Amino acid sequence: MKPKKLFILIPIATLIIMFASCDKKPYVLTEGYMYVQKEERRNDATEWELVWEDNFDLDTLDTDTWSRIGLFTSSKWKVPVEEWREVTNCFRYITATDPRVVTLGDSNIHLKGIINPDSLTGDPRPYLTGGIYSWEKFAFQYGRIEIKAKLDQAYGMWPAIWMLSEKEIYPDQHNGEMDIMETLNHDDFAYQTTHNHYTITLKQEEPKKFATAKIDTTGYNIYSVSWYPDKLVYAVNEVTSYEYPKVAGAGTYQWPFDQPFYLLIDQQMEHEWPGMITHPEELPISMTVDWVRLYQ
């Protein structure tokens, strides 16, 4: 006699759990582009996994991830052309329309600062710079972001790698900023800084909001921040520069870092911080980025 075949009925809820357990990704992808680290991985003990990277090895910018920043074109910061002289922030000279300031080659992206040769009949600004950002295309919450970059030096230069909140979920307050790298002029060190309502508006000095770290001024350096639910850990070339902790009871004024952030990488020139361009013969300059990597 042949043995009877047995059919085992598995409840749908059990099947869902079984399939979910097979999902080994360390993140949940929300809205199709925001990498939100799974809660059980948000600790020092869990090993980082590479979940996303851009090696800039294409001939053109990956516009699925990046947009070019332009003072006259980017909706977040757009100003009329005739008002450019009133702009004193980091985007004073940044342009999204001049192809000379954002170029790709040798598996790198080059974000440049140049003298504008056509300031009389075209863009009226004497200098132009290039930058990219990932707003509404790539963002993440918790993890470690690393950027390998090489910086030319010049008086008045101010390149930056930084992060801003994607959704700005807290109205009427600063939603936070992580400055992963800023350098000035011919300095042989980089600033790494945390900004929020607590430090900017309320002028709180504790915990300390920034540190500096030595860099190789002739070659590539790796700039990073490791982001946990209770601290930010900044590093250069895998050496920690400082930690910014979440303060118990301080609220979102001090810790708005519980929401997705996006990345900005941009060449900046002239400001009250770096000063003016005093040696224009040093131009053009370039921030050359080899890759960007996200671990969670």
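Author: Let's start with three strands in this predicted model: strand E11 (160-165), strand E12 (177-182) and strand E13 (189-195) each give at least two residues to the lining of the largest pocket.

Reader: How do I read a pocket like that, and which residues lie nearest its centre?

Author: The general idea is simple: rolling a probe the size of a water molecule over the atoms shows where empty space is left. Here the largest pocket holds about 430 Å³ of space. Its lining counts 20 residues, and Cys90, Trp158, Glu177, Glu182 and His271 lie nearest the centre. Sorted by class, that lining has 11 nonpolar, 6 polar and 3 charged residues.

Reader: And how many cavities of 30 Å³ or more are there?

Author: There is 1, with a volume of about 40 Å³. Among the residues lining this cavity are Asp54, Phe56, Asp57 and Leu104. The classes here are 4 nonpolar, 1 polar and 3 charged residues.

Reader: Happy with the empty space! Now the packed parts: what should I look for in a nonpolar core?

Author: In soluble globular proteins, nonpolar side chains tend to be buried together. In this model the largest nonpolar core has 48 residues, and Ile161, Met163, Tyr223, Ile265 and Val292 have the most contacts inside it. Take Ile265: leaving aside residues up to four places away in sequence, Ile265 touches Trp66, Leu111, Ile161 and Val292, among others. A second, separate core has 31 residues, including Ile94, Tyr133, Tyr262 and Ile277.

Reader: Several of those names are aromatic. How do I describe two rings that meet?

Author: A pair of aromatic rings is described by the distance of the centres and the angle of the planes. A search of the whole structure gives 24 aromatic pairs. In one of them, the ring centres of Trp158 and Trp273 are 6.0 Å apart with the planes at 80°, so this pair is edge-to-face. The two residues are 115 apart in the chain: Trp158 sits in the loop between strand E10 (143-151) and E11, and Trp273 in the loop between strand E18 (261-266) and strand E19 (285-295).

Reader: Is Trp158 buried or exposed?

Author: Trp158 is buried, because its relative accessible area is 7%, under the 20% cut-off. Trp273, at 34%, is partly exposed.

Reader: Which class does the pair of Tyr234 and Tyr242 fall into?

Author: Those rings have centres 5.0 Å apart and planes at 5°, so the pair is stacked. Tyr234 is buried at 0% relative accessibility, and Tyr242 is buried at 4%. Ring pairs also build a cluster, whose members include Tyr27, Trp52, Phe56, Trp66 and Phe261.

Note on methods:
Residues numbered from 1 in each chain as written. Predicted model: local features only at pLDDT ≥ 70, side-chain atom pairs only at ≥ 80, totals over all residues. Heavy atoms only, no water. 1 Å grid on protein atoms, 1.4 Å probe; cavity = no way out; pocket = protein on both sides within 12 Å on 5 of 7 lines; lining within 4 Å. Points joined across faces, edges and corners; volume = space filled by probe spheres on them. Nonpolar A, V, L, I, M, F, W, Y, C, P; charged D, E, K, R; others polar. Helix = DSSP H or I, 4+ residues; strand = E, 2+ residues; numbered from the N terminus. Core = buried A, V, L, I, M, F, W, Y, C linked by side-chain atoms within 4.5 Å. Buried < 20%, exposed > 50% of the residue type's maximum accessible area, 1.4 Å probe, protein only. Contact = heavy atoms within 4.5 Å. Phe/Tyr/Trp six-rings, centres within 6.5 Å; stacked < 30°, edge-to-face > 60°.
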